[in-house]
Amino acid sequence: MSTYDIIIPHYGIANADVNTNVLAVNCLESIRANSSDYRVIFIDNGGDPSEDIRRFLETMPHLLIRNTDNLRFVRSINQGLMVSTAPYVVMMNNDAEAAPGWLEMLRTPLDEFRRCGISGPRSTDGGWQTRTPIRHTAILPPGHMLAFFCSMFTRACLDELGPQDEAFSPYEGFGGDDHYCAIAQRKNWSLALVGELVIPHKRRTTMRAFHSEEEIKAMQVEALAEVKKKLA
């Protein structure tokens, strides 16, 4: 059994505007170059097939799950969680890339802080994990969240909280991480931002192939409203 399971949902798109297959190979290549004692759980949700991905997976520890339908992010992550056995689990987007020492850096606060169940890095994607001035490892105050483009979980936290709420699946993952982080904090699990670690991330690549910016904004609003309703 590996120490780390890395769950990566993927939908293949290969056109002039975006090629998620190329991004996924870049993601896998960065993991292979910067990781040890790991297994990739790759969730193939269909779309344009890529032999490059399949060939690359054969060069690294992996479990490939092929779906006939696109389960999208939340349901795919849950599918990966069902087969995960490692004591530390990473949820990772196919358009993110690993960095040197990333697994060990994400693990450190989970081991050092009591009931720290989820950790995440800074990013390059323009979200709050890019804009934050934090440059060290810090426990986040209640009410803060970590985006699940690259987040590590302890097995104990996952066992207590269970899978993500699939009510957020229609929102392309929006709201699922907010809700999960809020539930974790309500159950006295803390979240750590590893400010020393920066993970490159090309935000919403797959989503933009299916939705306009207006539709994306509307989904985000609806998802956050669902979060508030569920937490009320």
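This is a short tour of two pockets, one glutamine and a few cysteines.

Before you click, note that this is a predicted model, where local features need pLDDT of at least 70, side-chain atom pairs count only at pLDDT 80 or more, and totals for chains, interfaces and linings use all residues. Residues are numbered from 1 along each chain as its sequence is written, and side-chain values use heavy atoms, with hydrogens and water left out.

**Stop 1: the largest pocket.** Select Asn 93, Glu 172, Phe 174, Arg 204 and Met 207: of the 37 lining residues, these are the closest to the pocket's centre. The volume here is about 850 Å³. A pocket is an open set of points on a 1 Å grid over the protein atoms alone, where a 1.4 Å probe fits, with protein on both sides within 12 Å along at least five of seven lines; lining residues have an atom within 4 Å of a point. Volume is the space filled by probe spheres set on the points, which are joined across faces, edges and corners.

Now colour helix α8 (205–210), which gives the most to this lining, with four residues. Others that supply at least two residues each include β1 (4–12), α3 (72–83) and α9 (213–231). Helices (H or I, at least four residues) and strands (E, at least two) are DSSP runs, numbered from the N terminus. By type, the lining has twelve nonpolar, 16 polar and nine charged residues. Here Ala, Val, Leu, Ile, Met, Phe, Trp, Tyr, Cys and Pro count as nonpolar, Asp, Glu, Lys and Arg as charged, and the others, Gly among them, as polar.

**Stop 2: the second largest pocket.** Next pick Pro 142, Gly 143, His 144, Met 145, Asp 178, Ala 182, Gln 185 and Arg 186, which line a pocket of about 170 Å³. Three are nonpolar, three polar and two charged.

**Stop 3: Gln 129.** Find Gln 129 in helix α5. This residue is buried (under 20% relative accessible area, 1.4 Å probe, protein chains only), at 3%. A polar atom of its side chain lies 2.7 Å from the backbone oxygen of Pro 121. Among the residues Gln 129 touches (heavy atoms within 4.5 Å) are Met 145, Phe 149 and Leu 193.

**Stop 4: the cysteines.** How many disulfides are there in the whole structure? Zero, it turns out, with a disulfide being a pair of cysteine sulfur atoms within 2.5 Å. For Cys 150, the nearest cysteine sulfur is that of Cys 27, 8.6 Å away. Finish on Cys 181, whose sulfur is 9.0 Å from the closest one, in Cys 157, so it is too far for a bond. Cys 150 is buried at 0% relative accessibility, and Cys 181 is also buried at 0%.

Key. Buried means under 20% relative accessible area, exposed over 50%, partly exposed in between (1.4 Å probe, protein chains only). A polar contact is a pair of N or O atoms within 3.5 Å; within protein, one must be able to donate a hydrogen and the other to accept it, and residues adjacent in sequence count only if both atoms are side-chain atoms. Lists of a residue's contacts leave out its neighbours within four places in sequence.
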